[in-house]
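The following exercises concern the reading of a protein model at the level of strands, helices and contacts. Please attempt each task before consulting its solution.

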Amino acid sequence: MQTPLRIDPAKAIADIAAFQRKLAAGMGHLRDLREPEYANTPRELVYSEDKLKVWHFTGHGKATAKTPLLIVYALVNTVWMTDLQADRSMVRNLLEQGEDVYLIDWGYPDGADRWLTLDDYINGYLDRCVDVVRERHGLDAINLLGICQGGAFSLCYTALHPDKVKNLVTMVTPVDFHTPDNMLSHWCRRMDVDLFVDTMGNIPAGLMNYVYLTLKPLRLNQQKYIGMVDILDNPTELENFLRMERWIFDSPDQAGEAFRQFIKDFYQGNKLVKGTLEIGGRTVDLGLITQPVLNIFAEQDHLVPPDASRALGKHVGTTDYTQLAFKGGHIGIYVSSRAQREVPPAIHQWLRQRD
Amino acid sequence: MADPANDFIRDYQALAQQSWEAWTRQFQQQPAANPFAPPPAPAAGNDMLERTLAGLKGYFDWMQAAAAGNAAPSPGADWRQQLQQLFGGTSQPFVQAFGGIDSAGAESFARQWQSWMQAARHGGFADLAATQGPTPAFGLSREQQMEQQALAAALMASVQATARYQELIQRANTQGMQRLQGKLAEPGRQVDSLKGLYDLWVDAAEEAYAEIALSDEFRDAYGEMVDAQMRVRQLQQRQTEQVCQQLGMPTRSEVSSLGERLQALRREFRASRAGASVDHADEIVALRREVATLKRQLASASAVASAPKKAASEKAPKKVPRPTAASRSSASPRKRK
């Protein structure tokens, strides 16, 4: 059989030399770059409590939407993925479409937040944020956009406080946590979460990041940085890369009790789809969600497999359910150029028809 | 006799190594001199930098080794054997990549493990606990002896659990190699660059890893490893807290307990405040009902009083009165409210 390895030694040496040259030339760019900033779309603070802040994005023009949209992000990572950089900002795109956008920034929990439960987050913080936006607009109900874990929170909230939500949009939201391709769920199924939280208290962000890296250890820990060498001589690309690195690793710790409950009830017990989930002593019944629901998921999502999100359609009570599959991954759905073209306009169109 | 080809490779390797070291040195340099800045960290032993660059250096070392020894297949050489040499050595990128993140996660734990194990050995408990299980303890230091034994046993259990996990990682590596061979054996497949070979290997290794990581065996090993590490950590924390108590310092448990009580109080406060507002709302509703009843009674009393006048006026010619401002507003008391 003919060898499939046709690597010319001279070419191999030349490749290594080129790699070296790129490293050496890129050094100057790397050292000269400052900490990359996020998009920082103009915003005003409208509410704060403990470490939480609610931001209202002001944008350039007046919003055309009658009902404001409150973004509920996950507790893991920071909310700035929604406003990462000027030309890759979901928030900015939504504003340009005419939406009136609010965002909950959960902040960085510390020891004082160790005992915050899901009840505190959903029936406490989230409910008060919704009330603030409702009061500002004199409305009984507003639109919610829940992202990832924030999507699961939004589902719980809508089921528990249906009068306060007009339309619900969920993005890359896990609903069925026991699909066979859910690696995170698979790994934590047998661990003793009580022992884990009792020992760790709050869960350090570094540990969470480590777990995420081990989902694809070679791609995320090595191949990605080899790819970085190719863009070391391109300051713009390099800055974008480093901005993403900042977002990935500058992440908050997890409040211990909320983490315990989320792992036990969602990941291990899969109670959201079983209808046995209780938040603050009340059962969360997805069947009680009769508002219009738009469910957007990513087809190449390695954190929230598409089937985990698709399951929502079988469990919500609404007759107005729309599902949108995005060709991309868990992060690309916010920041890829395709996402800029497709996702915010789709959300706006869908909301406008129901405004 | 001189071998120009090998000399070139050796020279190149030396040059490349120097370049890499120069690159890392340059990375470590402080920018402009700042009289208020703290002194720069020593270049040697910069742990954070080494960790950051570990994956990149792994790839670089692998490329060099591959170029020096294996990238020039002699005609008729067995490419499968050549592949094993390319990815089987200590410089293989899998070890660098996975070993890097694994040690980053477990490094502090491993360091702790060594120091605690050493301390336990001094006490003569670690080996006993590891080989024979816990032995009865007595006397004034009974509690400390028992705890030390428990810690030694937990450490051993953790080492075993981690070894089981590592075994599965190594299996993923082996299966990744097999998959790579399979990919290369596909009809028409040709690889003409080291980067191309590396990327294909990453695809194969990730596929193999994903398959193992989704197995029941991995799930059990993962859970066992996490639990075992937590048991060790919990016992270590307990011993640390005892030292803190002896020194009169507040412990994490005490602070955490205060936090729990504070959070419970906050919940009670919010609930009572919400309850109070619910009570007010109930009172307002009751008062509104009472006012509505009184209005109805007043209206019916007025109707009774005006009935004789109405009967008398019916005999008179009909005259349509023009509504006044007062009558318009009194006609819709609910709206005024």
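The exercises below treat a predicted model, and each task is followed by a worked solution.

**Exercise 1. The order of the sheet**

Task: Determine the strand order of the open sheet of 8 strands in chain A, and identify its edge strands.

Solution. Step 1: tracing the pairings across the open sheet gives the order β1-β2-β4-β3-β5-β6-β9-β10 (chain A), and the pairing is mixed. Step 2: the strands that pair on one side only are β1 (43-49) and β10 (321-326) of chain A, and these are the edges. Step 3: from one strand to the next, the twist averages 20°.

**Exercise 2. The antiparallel part**

Task: Establish how β1(A) is joined to β2(A), and how β2(A) pairs with β4(A).

Solution. Step 1: β1(A) and β2 (residues 52-57) of chain A run antiparallel and are joined by 6 bridges. Tyr47(A) has Val54(A) in β2(A) as its bridge partner. Step 2: the two strands make a hairpin with 2 residues between them. In the turn, Asp50(A) has a positive phi of about 50°. Step 3: β2(A) also pairs with β4 (residues 101-105) of chain A, in the antiparallel sense over 4 bridges. Here Val54(A) has Ile104(A) as its bridge partner in β4(A).

**Exercise 3. The surroundings of β3(A)**

Task: Describe the pairing of β3(A) with β4(A) and with β5(A), and decide whether the residues on its faces are buried or exposed.

Solution. Step 1: β3(A) runs parallel to β4(A), with 4 bridges between them, and Val72(A) stands opposite Ile104(A) in β4(A). The connection from β3(A) to β4(A) passes through helix α2 (residues 90-97) of chain A, a right-handed β-α-β crossover. Step 2: β3(A) is likewise joined to β5(A) by 4 bridges, and these two strands run parallel. Leu70(A) is partnered in β5(A) by Leu144(A). Step 3: in a regular strand, side chains alternate between the two faces of the sheet. In β3(A), Leu69(A) and Ile71(A) lie on one side, Leu70(A) and Val72(A) on the other, and all are buried.

**Exercise 4. Helices on the sheet and the core**

Task: Identify which strands helix α4(A) lies across and which residues touch the most other members of the largest nonpolar core.

Solution. Step 1: helix α4 (residues 149-160) of chain A lies across β3 (69-72), β5 (142-147) and β6 of chain A, at about 145° to β5(A). Helix α15 (residues 337-352) of chain A also packs on the sheet, where it touches β3, β5, β6, β9 and β10 of chain A. The direction of α15 makes about 175° with that of β10(A). Step 2: the largest nonpolar core has 142 residues, and Leu70(A), Ile71(A), Val72(A) and Cys156(A) touch the most other members. The largest share of this core, 11 residues, is supplied by helix α6 (residues 142-184) of chain B. Step 3: among the contacts of Cys156(A) are Ile122(A), Ile279(A) and Val284(A).

**Exercise 5. The side facing chain B**

Task: State how many residues of chain A are in contact with chain B, and which helix gives the largest share.

Solution. Step 1: the contact involves 45 residues of chain A and 56 residues of chain B. Step 2: on the side of chain A that touches chain B, α1(A) gives the largest share, 12 residues. Step 3: by character, the residues of this side of chain A comprise 25 nonpolar, 10 polar and 10 charged.

How values were computed
Residues are numbered from 1 along each chain as its sequence is written. Chains are lettered from A and ligands numbered from 1 in the order in which they are written. This is a predicted model: local features need pLDDT of at least 70, side-chain atom pairs count only at pLDDT 80 or more; totals for chains, interfaces and linings use all residues. Two residues are in contact if their C-beta atoms, placed from the backbone, lie within 7 Å. Ala, Val, Leu, Ile, Met, Phe, Trp, Tyr, Cys and Pro count as nonpolar, Asp, Glu, Lys and Arg as charged, and the others, Gly among them, as polar. A nonpolar core is a set of buried Ala, Val, Leu, Ile, Met, Phe, Trp, Tyr and Cys residues joined through C-beta atoms within 7 Å. A residue is buried if 20 or more other C-beta atoms lie within 10 Å of its own, exposed if 12 or fewer, and partly exposed in between; C-beta atoms are placed from the backbone. Two strands pair if DSSP finds at least two bridges between them. Axes are lines fitted to C-alpha atoms, for helices over the stretch in contact, and angles run from 0 to 180 degrees between N-to-C directions. A crossover is right-handed if, with the strands pointing away from the viewer, the path from the first strand over the helix to the second runs clockwise. Lists of a residue's contacts leave out its neighbours within four places in sequence.
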